[in-house]
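Student: Please take me through one part of this structure closely. I would like to see how a single strand sits among its neighbours.

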Amino acid sequence: MTIVLEIKNVSKKFGPVTVFSHVNLSVEKGQIVALVGENGAGKSTLLNILGGVYPAGTYEGSIWIEGEEKRFRGEKDSKRAGIEMIHQEISIHLDLSVAENIFLGNLSNRKGFVSWKQVYLDAQNYLDIVKLNVDPHETARNLSTSQHQLLSIAKALASHPKILLFDEPTSALTEADAANLLEIIKGLQKRQITCLYISHRLEEVIHLADRIIVLRDGMLISDKPKNEITINQVIRDMVGRALDEMYPKQQITVGDEVLRVEGITVAHPYIAGKNIVEDISFSVSAGEILGVSGLVGSGRTETMDAIFGCSKRKSGKIYIQGAEVHIVRPSDAMKAGIGLVTEDRKRSGIIPTMSLRENMTIADLQAVSRMGLIQKNQERQLSQTYYDKLQIRATGIEDNILHLSGGNQQKVVLSKWLLKDIKVLILDEPTRGVDVGAKVEIYNVITDLARRGLAIVMVSSELTELMGMCDRLLVFSRGKIRGDFPRQEATQEKVMSAATCVDDLM
Ligand SMILES: Nc1ncnc2c1ncn2[C@@H]1O[C@H](COP(=O)(O)OP(=O)(O)OP(=O)(O)O)[C@@H](O)[C@H]1O
Ligand SMILES: [Mg+2]
């Protein structure tokens with residue numbers, strides 16, 4: 001058995017803060033190794049060291065590839081050593097073609113000149129490996145999120161890597177797309193490509209990996225072959241204790257209707273004359289949690305964006321407590337008492353130049369400002385409360401939000417709405433990239449809000465989470481509502497069949 005990668009005694013600090021110390025790991029060629037741990041445990045940091053993002057000298061210990069010590073000065077060195085990284089936030093150039101994306105950065109290796117014909121032929125080869133069925137000439141912008149994910153793998157494969165690093169590749173995908181991706185990664189194993197893989201979806205990890213490694217409190221807590229470990233053990237190792245219950249669903253008496261939407265229709269952003277969302281009507285009452293399921297591209301997110309005023313709707317009315325409200329932009333929605341936690345933290349959830357405190361209180365300047373002045377003390381107190389409650393991991397509320405791990409940023413986005421006095425909270429993938437322990441905390445907060453009489457709309461790609469938390473479940477497909485199930489009736493089969501429904505005998 002060939003050892004392809006060794007991590008010897010590696011420790012990493014940011015300033016005075018130790019992320020992890022004395023991590024030792026050796027990985028065989030062709031192995032799939034899963035790396036799990038709570039938000040902020042240091043998983044991305046470890047992959048970033050291997051990827052050359054944090055160069056030699058910024059960490060202690062040593063990295064060995066095929067028996068040779070490597071001191072990467074940057075990402076280029078790491079690539080040269082055969083390591084390719086698929087980042088947590090996907091990096092595709094939207095205005096370039098699929099083929100150009102695949103060969104970006106590799107074109108220069110082609111002895112001075114580029115034969116475009118050959119480039120497109122080669123691109124097809126990599127698209128086939130990742131089973132991505134698009135034209136290499138297509139502009140990347142026209143691809144879906146899951147297709148972008150597959151494209152970034154095709155791009156990585158074009159440099160013939162020995163080791164692929166995946167940082168939560170499935171967190172943006174629906175279960176069906178994620179399953180497809182896992183099959184592709186399994187296929188890479190047959191090509192003797194070694195994979196290090198970070199994910200918070202533990203079922204997926206147990207299914208995919210040969211070996212599961214848990215990081216916690218700055219240490220490598222356990223390292224076990226798949227067949228010697230169960231999900232519950234993994235959770236215990238991650239959290240340091242057993243979780244009593246994943247879903248804290250409580251019976252809350254549902255009150256009066258709070259939000260009602262009627263006939264929401266949104267034009268397709270690219271295809272003229274077509275609607276991406278058509279005639280969506282539903283209502284949510286006080287204390288109720290309404291789940292929204294559907295595949296990526298089903299129109300779930302577009303509907304929520306239209307209700308919140310992030311995007312323009314063609315038609316449709318919105319009522320709050322029976323009175324029509326006119327929402328053109330997000331500030332109208334906020335005034336009407338609607339909050340939205342978005343799926344895409346980087347785009348609309350956070351303000352990168354600001355501290356945690358500022359990010360948390362930005363939506364609620366009214367609650368913390370009096371006569372136009374922001375009351376710093378009050379702001380600080382409120383943010384501290386949620387910082388503690390959601391167990392956000394950072395050096396404190398004054399820390400810059402960009403220093404936080406992905407999952408911890410998501411908790412900040414959520415708390416910014418908890419601080420505001422709202423009637424309806426729309427959550428679009430609220431636990432995306434969040435670890436199991438923190439997920440339960442977020443579920444607790446959602447339950448709390450429902451008990452306080454908020455109406456909650458929860459969009460998620462994780463069916464188990466919806467079935468665990470919601471009173472009622474809507475299923476979107478192709479821009480329409482195709483299923484509406486009370487909690488007791490929502491089975492996996494029914495939801496999936498509604499979600500994959502093609503227009504009734506089109
Ligand atoms: N550039 C930075 N400056 C200061 N601290 C940082 C920086 N990058 C990461 N950290 C800190 O290092 C710790 C580990 O972060 P990392 O992103 O590796 O966590 P993670 O395990 O990937 O978490 P997640 O599951 O949330 O993605 C966190 O506490 C984070 O706040
Ligand atoms: Mg991370």
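Tutor: What follows is a look at one strand and its partners, then a short look at the surroundings of a ligand. Keep in mind that this is a predicted model.

The strand is E21, made of residues 472–477. Is it buried or exposed for the most part? It is mostly covered, since 5 of its 6 residues are buried. Here a residue counts as buried if 20 or more other C-beta atoms lie within 10 Å of its own.

E21 has a parallel partner in strand E13, residues 289–294, and 5 bridges link the two. To find this pairing in the view, look for glycine 294, which stands opposite phenylalanine 476 in E21.

Another partner of E21 is strand E22, residues 480–486. This pair runs antiparallel and is joined by 6 bridges. Here valine 475 stands opposite glycine 483 in E22. E21 and E22 form a hairpin, with 2 residues between them. In that turn, arginine 478 has a positive phi of about 45°.

Now for the ligand. The shell around ligand 1 holds 19 residues, and Asn39, Ser44, Thr45, Ser405 and Gly407 come nearest. Helix H1 (43–50) and helix H15 (406–418) are the elements that give two or more residues to this shell. By class, the shell has 11 polar, 5 nonpolar and 3 charged residues. Domain 1 (3–239) and domain 3 (349–421) each supply at least three residues to the shell.

Methods: Residues numbered from 1 in each chain as written. Chains lettered and ligands numbered in written order. Predicted model: local features only at pLDDT ≥ 70, side-chain atom pairs only at ≥ 80, totals over all residues. Buried ≥ 20, exposed ≤ 12 C-beta atoms within 10 Å, placed from the backbone. Helix = DSSP H or I, 4+ residues; strand = E, 2+ residues; numbered from the N terminus. Pairing = 2+ DSSP bridges. Near = placed C-beta within 6 Å. Nonpolar A, V, L, I, M, F, W, Y, C, P; charged D, E, K, R; others polar. Domains from an automatic or database assignment.
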